[in-house]
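Hello,

Here is the structure I said I would pass on. My notes on it follow below.

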Amino acid sequence: MPKVWAAVLLVVSLLPQPAWAITLEQVPNPRRQYGGWVSDTANILSSSTENELNRLITQLEQRTSAEMAVVTVPNTQGYATPKDFTTQLFNYWGIGKAGQNNGVLFLISVGDRRVEIETGRGLVAILPDSQVQQIIDQQILPRFCNGDFDGGTLAGVRQLTSVLQGQPVANVPAAASGVTTSTIATSSGAVAQGIDSSLVEGILLLLGIIILGLGWQRSRMPVSLRAKRGGRQVLSLTRRDPRTGAVLSSVQSDPIRLFLHSGSLCLGVFLGLSSGNWLGFALPVVAAMATDGTLSRKRGIPFQPVVCQSCGRPMRPIQAQVLDTCLSPGDRLAKSRGRASYYGWFCPSCQGAAVVVRENAFYRHLYCPRCQALTLDLTTQVLREATYSSSGLKLEILSCPICGYRSEREVVIPELSDTDTDSDFGGDSDFGGGSSIDDGADDSW
């Protein structure tokens, strides 16, 4: 049994984790972006969850004037601790009303596997740190441990907003706070009372085999790349071609990935029901995720064979050290900054190379219009602060360190107001100017 656990831990360690660091300035302020309260930088929340979170927090702000921000980040590299990052972001945005300090920051760092809930000093009497810790332990962590970020975030925000509106903290037993193996066992038992369990298992097994077979068939469709000597031209795996309006047309990774994960889920449920062991449910799912993540990191085009467009023969992956010699200075700079991952392929017959790039979604808009490198730097200078009686002015500067491109534009900062009628959620155009001095609670999942 210890060997089985060791194998599971080894597989889990191979799961893809966000690798790029993020600064306070790079976290989009949801109040300024769209008048909401959620900034899902790590892209772990569904749109329906974001809408519900915005509704709950808007209702809280209208009833109590308290403000709450929900933020997800890939990691907090570059800061002493996730708590330090959270406190700095809280004060950088000024969450809560000025003078009342009635703000809450609910931060999820996926790479650090941390939940941080920071509260303003004005909420200590209503929401003490012990209650915040209770909400984290009972409402959030059990769901996060099962990979349910939507459910954990919603449960935590619902409880926080309820407490801030005068309702007591719900005492949820640990066994009932998330989807556990006992829940799965109970559900399967209920189904078995009305339906023959062997029929259900047979359907799941057949469905899993069919879905995986379709994924395997799709994965045999080759990707054709044009090999050129030097391989300086870089094709994007994610950015739309301005001429065709589509990404690299022969790449089918997304539907193949859908087949892979759906089929492994069916097989996992089949193994879990037939064996009565949750490990049987977990292994196919973990194996599929590990395979996907490992191949994506190493090859860029994880599942399909790559062939030369000129001669039709298979191409070989280029090692990272050799690939750097095929990249332009701009591409090397983008790679060193973590803005994109580059993958190269070599055709032994044509003696040419092809290079593809997969941009990080957070930096995809920073292509230089002159040299087409992913190297634009955006800096902002406030020329005139906005007040309650007049608008402000800021200067946005885009510059490229490779070709020297530079553009400037002045952007009007709207004047400060108590209400923002243009907001979809009826809130202010920014947070209210509150602060925190390290109150709240945190934990790992």
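**Notes on the model**

Among contacts between residues at least 6 apart in sequence, 68% join residues at least 24 apart. Please keep in mind that this is a predicted model. The protein has 445 residues, of which 43% count as buried, and it contains twelve helices and 14 strands. Its accessible surface comes to about 22500 Å², and carbon and sulfur atoms account for 56% of that.

**Cores**

The largest nonpolar core holds 47 residues. Leu89, Phe106, Val115 and Ile117 are the ones with the most contacts inside it. At least two residues of this core come from each of α3 (47-64), β2 (67-73), α4 (82-93), β3 (103-109), β4 (114-119), α5 (129-145) and α6 (149-164). A second core, separate from this one, has 18 residues, including Ile318, Cys326, Ala340 and Leu366. As a general point, nonpolar side chains in soluble globular proteins tend to be buried together.

Phe106 is worth a look in the viewer. Setting aside residues up to four places away in sequence, Phe106 touches Ala69, Val70 and Val71, then Val115, Glu116 and Ile117, and further along Ile140, Thr153, Gly156, Val157 and Leu160.

**Helix α5**

This helix is not straight: α5 bends by about 35° at Ile136. Ile136 is itself buried, as are Val132, Ile135, Gln138, Gln139, Ile140, Leu141, Pro142 and Phe144 of the same helix. The cover over the buried residues of α5 includes β3, β4, α6 and β14 (439-444). After α5 comes Gly147, which has a positive phi, near 80°.

**Tyr367**

The other residue I went through is Tyr367, which sits in the loop between β10 (352-359) and β11 (377-384). Is Tyr367 buried or exposed? Its relative accessible area is 14%, so Tyr367 is buried, the cut-off being under 20%.

Beyond its neighbours within four places in sequence, Tyr367 is in contact with Arg239, Val357, Glu359, Gln372, Ala373, Leu374 and Leu376. With one of these, Glu359, there is a polar contact between the two side chains, at 2.5 Å. Ala334 lies 33 residues from Tyr367 along the chain, and their C-alpha atoms are separated by 9.8 Å.

Regards

Key: Residues are numbered from 1 along each chain as its sequence is written. This is a predicted model: local features need pLDDT of at least 70, side-chain atom pairs count only at pLDDT 80 or more; totals for chains, interfaces and linings use all residues. Side-chain values use heavy atoms; hydrogens and water are left out. A nonpolar core is a set of buried Ala, Val, Leu, Ile, Met, Phe, Trp, Tyr and Cys residues joined through side-chain atoms within 4.5 Å. Buried means under 20% relative accessible area, exposed over 50%, partly exposed in between (1.4 Å probe, protein chains only). Helices (H or I, at least four residues) and strands (E, at least two) are DSSP runs, numbered from the N terminus. Contact means heavy atoms within 4.5 Å. A polar contact is a pair of N or O atoms within 3.5 Å; within protein, one must be able to donate a hydrogen and the other to accept it, and residues adjacent in sequence count only if both atoms are side-chain atoms. Accessible areas come from the Shrake-Rupley method with a 1.4 Å probe; for residues, only the protein chains shown count as cover. The bend at a residue is the angle between axes fitted to the seven residues ending there and the seven starting there.
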